[in-house]
Amino acid sequence: MSLPAALAEIVDDFAALGDSDKITLLLEFADELPDLPEHLQQEAMEPVPECQSPVFLSVDAGDPGSVRLYFTAPREAPTTRGFAAILHQGLDTASAQEILDVPSDFYYDLGLGSVVSMLRLRGMAGMLGRIKAQVRNQTSGSGSDAPGA
C-alpha cells in the first residue's frame, strides 16, 4: 500500500490499538482539526454529502509538490471531525501524486470497521474521493488512479 509517511504513521498508530483505544484516538484527532485560515470561507468550500454531518473541504494544489487541505466539521460530530483530522494530518502538504496514490479504501487499515458504522466509514471514503478529484482537476489530470476512486 502506498501511503505518504504521515498517513502511514497514523495507520500504524491505529493498528497497534484495541477497539476502545481506537475510539479514544479518533476523538483525540477530532480535537486537533485546525480552524480554517482567514482567507477561506465555508461557503466557498466543497460539501461532502457522503458524510452524515455537514463537512466541507477545500484543496489547494497550486503547488503539486505540496498540496494544502482544509476542512470544516462540527464539534458535535466527533467521528466525522476525527476522519477529517486524520486526512488533514496524513495528507496536508503531501504531493499531488502521493495523494492520488493513496488507495481509496486505506481507511480499512485503521481498523475502525468494528467500532464505527460502515455508513460513517463511507463518509471518510467520500472525503478522500473528493480530495483526489480536486487534485486531479487542479493538476490537469496528472498522475494515475483507479477509475471511480
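Colleague: Over residues 12-134, what percentage of the chain is helix, what percentage is strand, and how far apart are the end C-alpha atoms?

Modeller: The model before us is predicted. Over residues 12-134 the chain is 44% helix and 10% strand, with 27 Å between the end C-alpha atoms. That range comes from UniProt, where an unreviewed entry carries the annotation "domain: Fe-S metabolism associated" for residues 12-134.

Colleague: How should the strands be read, and which strands are joined to β2 by bridges?

Modeller: One takes each pair of strands in turn, noting the number of bridges and the direction. Strand β1 (residues 46-47) is joined to β2 by 2 bridges, and the two run antiparallel. On the other pairing, 5 bridges join β2 to strand β3 (residues 68-72), again in an antiparallel arrangement.

Colleague: Which residues are the bridge partners of P47 in β2 and of V59 in β3?

Modeller: The bridge partner of P47 in β2 is F56. For V59, the partner in β3 is L69.

Colleague: Is strand β2 mostly covered or mostly open?

Modeller: Strand β2, which spans residues 56-60, is mostly covered, as 4 of its 5 residues are buried.

Colleague: Turning to internal space, how many cavities of 30 Å³ or more does a search of the whole structure find, and how much space lies in the largest cavity?

Modeller: The search of the whole structure finds 1 cavity of 30 Å³ or more. About 40 Å³ of space lies in the largest cavity.

Colleague: Which residues line the largest cavity, and which elements give two or more residues to the lining?

Modeller: The lining consists of C51, Q52, T80, F83, R120, G123 and M127. Two or more of the lining residues come from each of α3 (78-91) and α5 (118-138). Helix α5 gives the most, with 3 residues.

Colleague: How many residues of each class are in the lining of the largest cavity?

Modeller: By class, the lining has 3 nonpolar, 3 polar and 1 charged residues.

Colleague: Finally, how does one read a backbone angle, and what is the phi of T93?

Modeller: The general idea is that most residues other than glycine have a negative phi. T93 is not a glycine, yet its phi is positive, at about 75°.

Colleague: Where is T93 placed, and is T93 buried or partly exposed?

Modeller: T93 lies in the loop between α3 and α4 (96-101). With a relative accessible area of 44%, T93 is partly exposed. A residue would need to be under 20% to count as buried and over 50% to count as exposed.

How values were computed
Residues numbered from 1 in each chain as written. Predicted model: local features only at pLDDT ≥ 70, side-chain atom pairs only at ≥ 80, totals over all residues. Heavy atoms only, no water. UniProt positions renumbered as here; feature names shortened; annotations may be inferred. 1 Å grid on protein atoms, 1.4 Å probe; cavity = no way out; pocket = protein on both sides within 12 Å on 5 of 7 lines; lining within 4 Å. Points joined across faces, edges and corners; volume = space filled by probe spheres on them. Nonpolar A, V, L, I, M, F, W, Y, C, P; charged D, E, K, R; others polar. Buried < 20%, exposed > 50% of the residue type's maximum accessible area, 1.4 Å probe, protein only. Pairing = 2+ DSSP bridges.
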